[in-house]
Amino acid sequence: MPGRLHKKGKRMTKQRIIAATGVALLALGLAAPQALAHHAFQAEFDGNAPVMLQGTVTKVEWINPHAWVHMTVTTDGKPQEWMVEGGTPNTLLRSGVTRDSLKVGTQIIVRGYRAKDARCLPVCRANGRDVTFLDGRKVFMGSSGTGAPADGAEPVRQ
């Protein structure tokens with residue numbers, strides 16, 4: 001009998017190892033899309049292509065890992081849609097950007113960097129450095145520490 005218990009105990013250990021391995025692989029599989037979705041600045045944006053965009057907010061996506069501000073910018077009389085990547089919603093909130101301050105219809109000026117793919121299909125994209133409201137208030141959009149060029153405008157963290 002002791003031999004049977006030993007074998008059963010061994011079998012249970014193998015089953016536990018297989019189950020734990022399966023759980024670990026499942027967790028890795030679920031985390032992979034998030035890891036792929038979060039990228040370094042240099043992977044998508046051009047630090048040598050600064051942009052200054054003035055326009056009207058059409059939509060704000062308060063999602064992780066990056067919030068997106070959609071805006072219409074009129075250049076040479078033609079409206080162009082832009083998606084501007086900001087920091088995390090938490091980063092924007094700490095900088096003073098809230099759902100109330102960044103509503104659809106708000107006029108803003110965004111300083112940032114254009115996407116490497118400049119074709120603007122279906123929309124133009126940029127990484128936002130800072131946003132200035134028409135009342136003159138200027139807040140950081142959260143591109144610090146992501147590989148974006150440092151220009152001294154980053155908030156000082158203590």
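This is a short talk on the fold, the strand pairing, the disulfide and one histidine of a single protein chain.

First, the conventions. The model is predicted, so local features need pLDDT of at least 70 and side-chain atom pairs count only at pLDDT 80 or more, while totals for chains, interfaces and linings use all residues. Residues are numbered from 1 along each chain as its sequence is written, and side-chain values use heavy atoms, with hydrogens and water left out.

Let me start with the overall layout. The protein chain has 3 helices and 6 strands. Both are DSSP runs numbered from the N terminus: H or I over at least four residues for a helix, E over at least two for a strand. In sequence order the pattern reads α-α-β-β-β-α-β-β-β.

Next, some totals. The protein chain has 158 residues, and 33% of them count as buried. Buried means under 20% relative accessible area, exposed over 50%, and partly exposed in between, with a 1.4 Å probe and protein chains only. The exposed area of the protein chain is about 10200 Å², of which carbon and sulfur atoms supply 59%. Those areas come from the Shrake-Rupley method with a 1.4 Å probe; for residues, only the protein chains shown count as cover. As for contacts (heavy atoms within 4.5 Å), take those between residues at least 6 apart in sequence: 56% of them join residues at least 24 apart.

Now the strand pairing, where two strands pair if DSSP finds at least two bridges between them. Strand β1, residues 45-61, runs antiparallel to β4, residues 107-115, and 8 bridges join the two. In that pairing, Gly55 stands opposite Ile108 of β4. Strand β4 is also joined to β5, residues 124-133, by 7 bridges, again antiparallel. There, Ile109 has Thr132 in β5 as its bridge partner.

On to the disulfide, meaning a pair of cysteine sulfur atoms within 2.5 Å. The structure holds 1. It joins Cys120 to Cys124, with an S to S distance of 1.9 Å. The link is right-handed, at 105° about the S-S bond. Both Cys120 and Cys124 are buried.

Last, the histidine. His66 sits in the loop between β1 and β2, the latter being 68-75. Why does His66 count as buried? Because its relative accessibility is 10%. The His66 side chain reaches the backbone oxygen of Gly86 at 3.0 Å. That is a polar contact: a pair of N or O atoms within 3.5 Å, where, within protein, one must be able to donate a hydrogen and the other to accept it, and residues adjacent in sequence count only if both atoms are side-chain atoms.
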